[in-house]
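Reader: Please show me the model, and then let us go through it in questions and answers.

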Amino acid sequence: MRNRLVQQFGKIYQKLDQHINWLSQNTNIQRLKSAKFLVIIATITVFTTIGISNDWANSRTLEPTYQTSWIGNTFGGGEKWVQNNIEAMYVASDGTVYTNSAWDEAGREAGIYKDGDVIGKLSDTHGWSRLGGQAVTANSKYIYIAMRQGFVDRKDQDYPAKGTTWYCVRRYDLSGKSAPFTEGRGWDQSMIIVSNQGAVTGLATRGNELYVSDTAANRLRVYNTETMKELRSFNVTRPGGIAVDKQGNLWIIQRKNGSNAAKILLYSPEGKKLPQEITNIVEPSAIAVDPQDRLLVAENGPRQQVLIYQTKNPPVQVGTLGSQRGVYGGVAGEVKDLKFYGLTGVGADSAGNVYVNSNGFNYSGTDLRKFSASGKLLWQVLGLIFVDNADADPKTNGVNFFTKQEQYVMDYGKPAGKQWTYKAYTLNPFKYPQDPRLHTSPDATWVRRIQGKPFVFLTDMYESFLQIYRFNPNTDGKIAIPAGMFVGTRGGGEKSIQGDWPPQQPESGEWIWRDRNNNGKFDQGEYDSTEDYPYIGGWWVDTKGDVWKTVRTKEGIRHYPLQGLDTHGNPIYTYSSMQKQKTPSLFTDLRRIEYLPKTDTMYLSGFTVDHPAVGDDTKVLGSEIVRFDNWSRGNRTPRWRIVVPHDTTGKREVSTAAMSIAGDYVFAVTVKTAEVYMYNAKTGALVKNLKPGPEVANESGWIDIPYGIRAFRRNNGEYLVFVEENAKAKVIVYRLNF
């Protein structure tokens with residue numbers, strides 16, 4: 001530092017000496033009084049010093065400080081996180097909530113919650129071809145969950161044969177450890193095999209009996225809770241959730257099937273069908289009995305409410321919990337205490353408090369709430385994120401932002417992890433049943449303003465499509481309305497998307513769909529189609545609304561200039577206006593693309609001649625990030641090239657998943673370590689590495705998606721860096737300040 005200061009003062013002295021020599025030779029200056037002459041000299045000295053200081057400051061790279069925060073989960077990680085989804089739940093008399101789901105990225109398929117806190121999970125539900133399931137119950141001694149066990153090549157332990165799946169009930173003690181029993185199956189003898197054909201869809205206990213819905217066999221099976229031996233079984237068509245009333249009778253959901261409507265049936269524990277039925281329901285997804293012996297039914301149809309029935313003959317609806325139409329009532333999409341969406345669980349404790357879980361649609365995430373007997377919200381825990389990332393609305397300076405199905409608002413004055421508020425659920429399956437989010441698995445978000453209006457763009461883990469959503473608060477509140485979609489060409493001359501959705505799609509090639517008649521459906525005459533190279537490297541939507549795509553070939557850049565908005569507000573893109581551009585020759589496999597129209601700067605990534613690919617990991621960004629200035633004027637000479645961490649052995653231990661450019665910096669994140677590399681956008685020099693801090697237990701899951709990082713510069717110079725954190729159902733947010 002001392003040597004640099006000496007050099008700077010040497011430069012100041014040289015410039016000052018030059019100015020004095022010039023002034024002394026100027027005849028006009030010679031006429032000035034000496035005092036004025038000294039003022040001029042001093043002024044020149046000050047401004048010269050400032051100029052040199054600015055040059056010095058600009059030439060060096062400032063290192064920021066940062067804080068780790070997060071969004072989308074009530075808890076930050078470590079031993080506490082809310083699981084990705086809840087597909088079933090049971091509430092004990094003391095208010096302990098036991099849950100079950102097929103999958104949680106970090107292994108909490110079956111969680112335990114109480115008083116708004118995470119207090120445990122059931123062990124060994126993850127890995128070794130095991131999955132959770134759709135049912136859970138408990139008594140004073142054990143927890144019972146539906147689960148699934150697949151083949152594992154271990155002849156020394158009890159696993160199903162190759163090609164066979166066991167649909168089981170597994171028993172645990174109340175601490176969450178498996179509870180084996182004589183003649184128990186599975187590697188630890190804690191399972192009973194109910195079926196090889198289909199999932200267990202309902203569980204309940206009373207006394208020493210365990211009731212199990214075996215949908216594949218259309219039977220209700222009864223087991224002893226201690227010995228786990230089957231006692232009897234009886235026919236019930238399409239049995240689902242089970243609740244036991246105070247008389248010991250079984251209320252059983254009969255699931256709908258095609259034209260066969262759902263019902264709720266009543267059986268004696270011995271299997272006699274009783275006359276009481278509930279038929280004025282559409283989509284009953286869960287059932288429970290409260291302390292008043294009333295039946296609580298989670299109605300997941302258009303009503304989106306908990307329906308409350310007196311269990312008389314016939315049963316009579318006597319109340320509801322929740323706003324009619326749920327989150328779609330009032331301001332559609334707006335999250336409120338009594339607005340449900342995608343109900344999957346209901347239960348009550350001995351005090352009459354009611355617990356409700358909303359899962360959204362197509363596995364949106366966990367929203368578990370407890371209400372008093374009078375309907376007041378007492379607590380709520382959230383685990384909203386699964387294979388997703390966030391992006392900020394550029395108009396709101398990073399305050400308002402979106403994930404694929406949710407909208408949030410930030411208050412940056414609050415502590416880490418407490419800054420976000422869940423504001424809206426943007427998917428409406430009742431009004432827009434063909435919404436691509438119901439039929440695909442998007443996982444990365446761009447938010448753009450086009451002609452001042454907000455739009456959300458989504459792609460997926462394999463970059464096979466780009467979905468477009470618009471907003472109209474007057475007609476749809478906060479719902480994201482399907483507006484358009486790009487898909488790539490599928491090899492072999494097949495449909496781009498296999499199956500029956502979307503309707504009317506071209507039989508081969510790729511296409512652009514636009515909702516030309518404003519109904520949110522994929523109708524005939526709304527597709528523009530062509531053929532192209534099938535292997536996509538990346539998508540990008542620039543600040544003007546132009547779409548860019550890379551394909552992994554020599555002429556690999558596709559530019560779709562925005563052609564304006566149609567009369568309904570949908571962005572217009574066409575193949576006739578598409579421009580093909582050549583891949584710069586240094587690339588052998590082009591992947592990501594980010595073009596900045598304001599500065600005419602192009603950032604590309606991929607594998608290069610100098611650093612070629614080892615194997616074919618289609619989700620990584622490549623071995624280099626390269627900047628090109630004056631792109632639209634034809635310049636293809638790099639300003640700089642950054643070699644990022646990449647696989648050189650074929651073992652895929654080191655690779656970079658994603659990149660994002662914001663302000664003066666380029667950000668990239670690695671796959672397995674989730675480490676963020678921050679580079680100077682002017683020079684390509686490494687500035688800093690970011691790692692998850694203590695706020696999130698210094699941990700992160702892998703980066704699974706090609707756009708697992710998204711950066712945004714706020715007006716005050718602060719940078720927000722959003723990073724996918726799939727393991728603990730959240731998005732990490734790094735806040736960088738200089």
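Author: pLDDT is the predictor's confidence in each residue, on a scale from 0 to 100. This is a predicted model, in which local features need pLDDT of at least 70 and side-chain atom pairs count only at pLDDT 80 or more, while totals for chains, interfaces and linings use all residues. Residues are numbered from 1 along each chain as its sequence is written, and side-chain values use heavy atoms, with hydrogens and water left out.

Reader: What pLDDT does the protein average, and over which stretches is the pLDDT below 50?
Author: The average pLDDT of the protein is 93, and 92% of the residues score at least 70. Where pLDDT is low, the predicted coordinates should not be read in detail. Counting as a contact any heavy atoms within 4.5 Å, the model gives 12 contacts beyond near neighbours in sequence to one stretch with pLDDT below 50 and 25 to another. These stretches are residues 1-17 and residues 19-60.

Reader: How many helices and strands does the secondary structure of the protein come to?
Author: Both kinds of element are DSSP runs numbered from the N terminus, helices being H or I over at least four residues and strands E over at least two. On that basis the protein has 4 helices and 51 strands.

Reader: What share of the residues of the protein counts as buried?
Author: Buried means under 20% relative accessible area, exposed means over 50%, and partly exposed lies in between, with a 1.4 Å probe and protein chains only. Of the 738 residues of the protein, the buried share is 58%.

Reader: Why is strand β31 largely enclosed by the rest of the structure, and which residue in the turn of its hairpin with β32 has a positive phi?
Author: Strand β31 (residues 442-450) has 8 of its 9 residues buried, so it is largely enclosed by the rest of the structure. Two strands pair if DSSP finds at least two bridges between them, and 8 bridges join β31 to the antiparallel strand β32 (residues 453-460), with Val447 opposite Val456. The hairpin leaves 2 residues between the strands, and the residue in the turn with a positive phi, of about 55°, is Gln451.

Reader: Which strands stand at the edges of the open sheet with the order β11-β12-β13-β14?
Author: This sheet of 4 strands has antiparallel pairing; β11 and β12 (residues 209-214), for instance, are joined by 6 bridges, and Leu203 stands opposite Val212 in β12. Each edge strand has a single partner, so one side of each is left without a neighbour in the sheet, and these strands are β11 (200-206) and β14 (230-235).

Reader: In the open sheet with the order β41-β42-β43-β44, which residue of β44 stands opposite Val626?
Author: The pairing in this sheet of 4 strands is antiparallel, and its edge strands, each pairing on one side only, are β41 (587-596) and β44 (638-643). Strand β43 (residues 624-628) pairs with β44 over 5 bridges. Opposite Val626 in β44 stands Arg641.

Reader: Is Tyr412 buried or exposed, and which residues is Tyr412 in contact with beyond its neighbours within four places in sequence?
Author: Tyr412 lies in the loop between β29 (406-410) and β30 (420-425), and because its relative accessibility is 12%, Tyr412 counts as buried. Leaving aside neighbours within four places in sequence, the contacts of Tyr412 are Gly398, Val399, Gln419, Arg714, Leu720 and Arg735.
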